[in-house]
Amino acid sequence: MCGITGLLYKPGSAPFNMASALAVLRHRGPDAQTSWSAPGVALGHTRLAILDLAGGDQPMHSACGRYTIVFNGEIYNFASLKEELSAAGVHFSRRSDTEVLLALFIHYGFEECLRRLRGMFAFAIWDNVQRELSLARDRLGVKPLVYLAQDGVFGFASEIGGLRALLPDARLDIDPAALDQYFTFQYIPSPQTAFKQIRKLPPAHAMVVNEEGIKRLWRYWQVDTSQRSRLSYDDACEALREKVLAATAIRMVADVPLGAFLSGGVDSAVTVAAMARLGSDPVHTFAVGFDEKSLDERPYARQAAEHLGALHSDMLAQADVVSDLPMLIRRCGEPFGDDSLLPTYLVSKAARGQVTVALTGDGGDEAFGGYRRHQQLARMIRLEQWGALPAWRNLRQLGAKLEGTIRPDRRRPFPATREDRALYHSRLQRHIDLASFFDADEKASLYRPEFSGSLAGQNSADWFAERYALSAGADPVNRVFLTDAYTYLPEDVLFKVDIASMAASLECRSPFLDHELIEFAASLPPAMKSKGRSGKRIVREAFAGWLPPGFLQRRKQGFSTPIAKWLSGDLAGLMQERLLAERRLDPWLDTAAIEKLVRGHLSGEKPNARRLWTLLVAAEWLASIA
């Protein structure tokens with residue numbers, strides 16, 4: 001795993017600082033920081049050595065000297081691609097997947113190269129004859145890539161901080177629409193960033209750039225929703241086991257120590273179980289927990305580890321939130337409000353003490369319907385298909401009325417919850433409702449009129465609707481899962497894991513993010529994935545024999561943190577400083593509304609931990625760029 005950066009520039013354009021960019025990206029590649037330049041082009045690379053420890057340095061040049069590559073990620077099928085290319089007469093001098101990727105690009109061309117890749121990647125290849133730079137990001141968006149085109153310069157990097165260091169004189173303006181996206185979803189979705197001039201290359205996208213600017217930008221992959229599996233349930237279970245084993249096996253190839261994250265959840269346990277079946281040595285597993293029973297899954301992780309014969313390490317998280325949180329926000333380069341960023345960093349740091357690569361269970365929830373909102377939305381779709389949605393709305397309303405009669409202290413107007421309000425909306429709007437953090441009414445109570453006015457004609461739901469359209473033709477319930485795979489998975493989950501693991505110089509890989517496994521899951525009927533109020537039916541039942549009895553039937557807990565405790569304790573001072581004393585969010589949010597949230601939380605009268613966390617992250621980010 002690595003960090004990459006580079007630029008094309010015209011003579012006399014803005015200066016760049018490659019050394020500074022590599023220094024900022026060093027945590028992504030502590031083993032080497034190297035660069036190469038020629039008239040009008042410069043490429044840089046920070047290396048975390050995983051394969052071909054002695055011969056995989058970058059930037060890497062083709063034998064003919066025409067092409068130069070910088071690459072972040074892993075090509076899991078590089079061995080079979082190498083055999084294929086060798087049979088076609090291509091000569092290799094190294095053992096690295098980088099050399100195979102470059103050879104594949106040269107032999108087949110850009111588009112066919114992308115079609116054949118199975119892995120996680122962000123790369124840039126310079127063609128010194130055509131004077132073009134070709135850039136791409138993997139299908140699911142595991143590896144990030146940001147870019148900026150301004151005043152005759154095109155620059156790119158693995159992180160916003162690296163890009164800003166590369167082009168220190170670039171004009172950057174905060175994007176109000178991006179902040180609105182952040183307050184809506186707790187993340188800023190691609191292609192937007194917090195800065196108007198910087199863009200993310202979206203997942204499954206590629207681009208070609210020359211000295212005149214962006215020549216072409218396109219999506220090269222999406223799930224084919226016309227595919228429908230005809231397997232019986234038993235055969236589908238067997239096929240799933242085979243695909244998970246295959247996806248795990250190719251992710252266990254490394255020339256450095258390898259382990260796995262092991263929570264008490266389904267997907268990480270299945271991943272470790274697959275590793276145990278494939279390897280002869282015990283798997284090194286890692287878990288962290290907090291000193292609050294409701295947030296601590298370590299006992300379940302120990303249970304799974306003991307059953308699988310793993311060499312297990314767990315720790316009570318001792319986060320220095322006052323220093324760790326600002327550091328991670330700087331690494332993000334923009335506001336990012338998922339509080340599980342911090343424990344992901346802590347388990348990454350713990351694992352990095354013993355291994356360089358860790359397998360994870362990321363992607364299983366999106367592929368097989370593991371989130372609570374998946375079951376909520378699936379239930380509404382089924383009611384709608386049965387023509388029973390109006391009756392269900394009436395029943396819910398009657399239930400709320402009866403509850404208010406019996407418990408006057410809980411009386412509230414119907415519909416009061418997001419799920420009940422969603423009963424009156426379209427399928428798309430329901431998903432937006434349940435995927436949003438601040439809804440429209442909550443944002444209206446916080447936004448200053450000037451900020452709301454600057455968003456005229458822009459709607460944070462438009463981006464979501466575009467991703468929803470990618471799954472047109474799918475079964476309505478499968479469409480729910482696919483939409484999260486196009487939205488929440490890359491923009492929140494994978495961004496979080498990349499930032500947190502790379503901050504600890506650890507490479508993470510997940511078998512459930514294999515695009516062939518994602519396509520297989522999408523072809524299965526929803527009944528194989530959802531059962532009653534539980535998701536991931538086929539995963540739980542296909543792998544039940546691999547883990548302790550009943551282990552996979554536990555309710556999903558999630559990777560949560562004691563943020564209410566932090567905001568009343570360790571982070572209380574920072575929160576008051578950033579939100580009240582410095583008033584960092586004043587240009588956008590109403591100070592009186594923020595103060596009410598802070599006072600209510602600190603007094604204990606009205607806890608608002610999750611909303612305050614989101615505001616604190618935005619304020620701390622603003623402090624970091626001041």
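In this predicted model, an open sheet is formed by 6 strands, which follow the order β4-β5-β6-β7-β11-β12 and pair in the antiparallel sense. At its edges stand β4 (60-61) and β12 (213-219), each of which pairs on one side only. Within this sheet, strand β6 (residues 119-127) runs antiparallel to strand β7 (residues 132-137), and 6 bridges join the two. One position along this pairing is Ala-122, which stands opposite Arg-137 in β7.

The structure also holds an open sheet of 5 strands, paired in parallel and arranged in the order β15-β14-β13-β16-β17. Because β15 (311-316) and β17 (507-509) stand at the edges with a single partner strand each, one side of each has no neighbour in the sheet. On average, neighbouring strands here are turned by 30 degrees against each other, direction ignored. Strand β16 (residues 357-359) pairs with β17 over 3 bridges in the parallel sense, and Ala-358 stands opposite Cys-508 in β17.

Helices accompany these strands. Helix α8 lies across β13 (258-261), β14 (284-289) and β16, and runs at about 155 degrees to β13. Helix α11 (residues 341-352) packs on the sheet as well, touching β13, β14 and β15, with its direction at about 145 degrees to that of β14.

The nonpolar interior may be considered next. The largest nonpolar core has 92 residues, of which Leu-117, Phe-123, Leu-240, Ile-538 and Leu-547 touch the most other members. Helix α8 (residues 266-278) supplies the largest share of this core, 7 residues. Beyond its neighbours within four places in sequence, Ile-538 is in contact with residues including Tyr-233, Leu-240 and Phe-368. A second, separate core comprises 80 residues, among them Leu-148, Ile-198, Ile-563 and Leu-616.

Notes
Residues numbered from 1 in each chain as written. Predicted model: local features only at pLDDT ≥ 70, side-chain atom pairs only at ≥ 80, totals over all residues. Heavy atoms only, no water. Pairing = 2+ DSSP bridges. Helix = DSSP H or I, 4+ residues; strand = E, 2+ residues; numbered from the N terminus. Core = buried A, V, L, I, M, F, W, Y, C linked by side-chain atoms within 4.5 Å. Buried < 20%, exposed > 50% of the residue type's maximum accessible area, 1.4 Å probe, protein only. Contact = heavy atoms within 4.5 Å. Axes fitted to C-alpha atoms, helices over the stretch in contact; angles between N-to-C directions.
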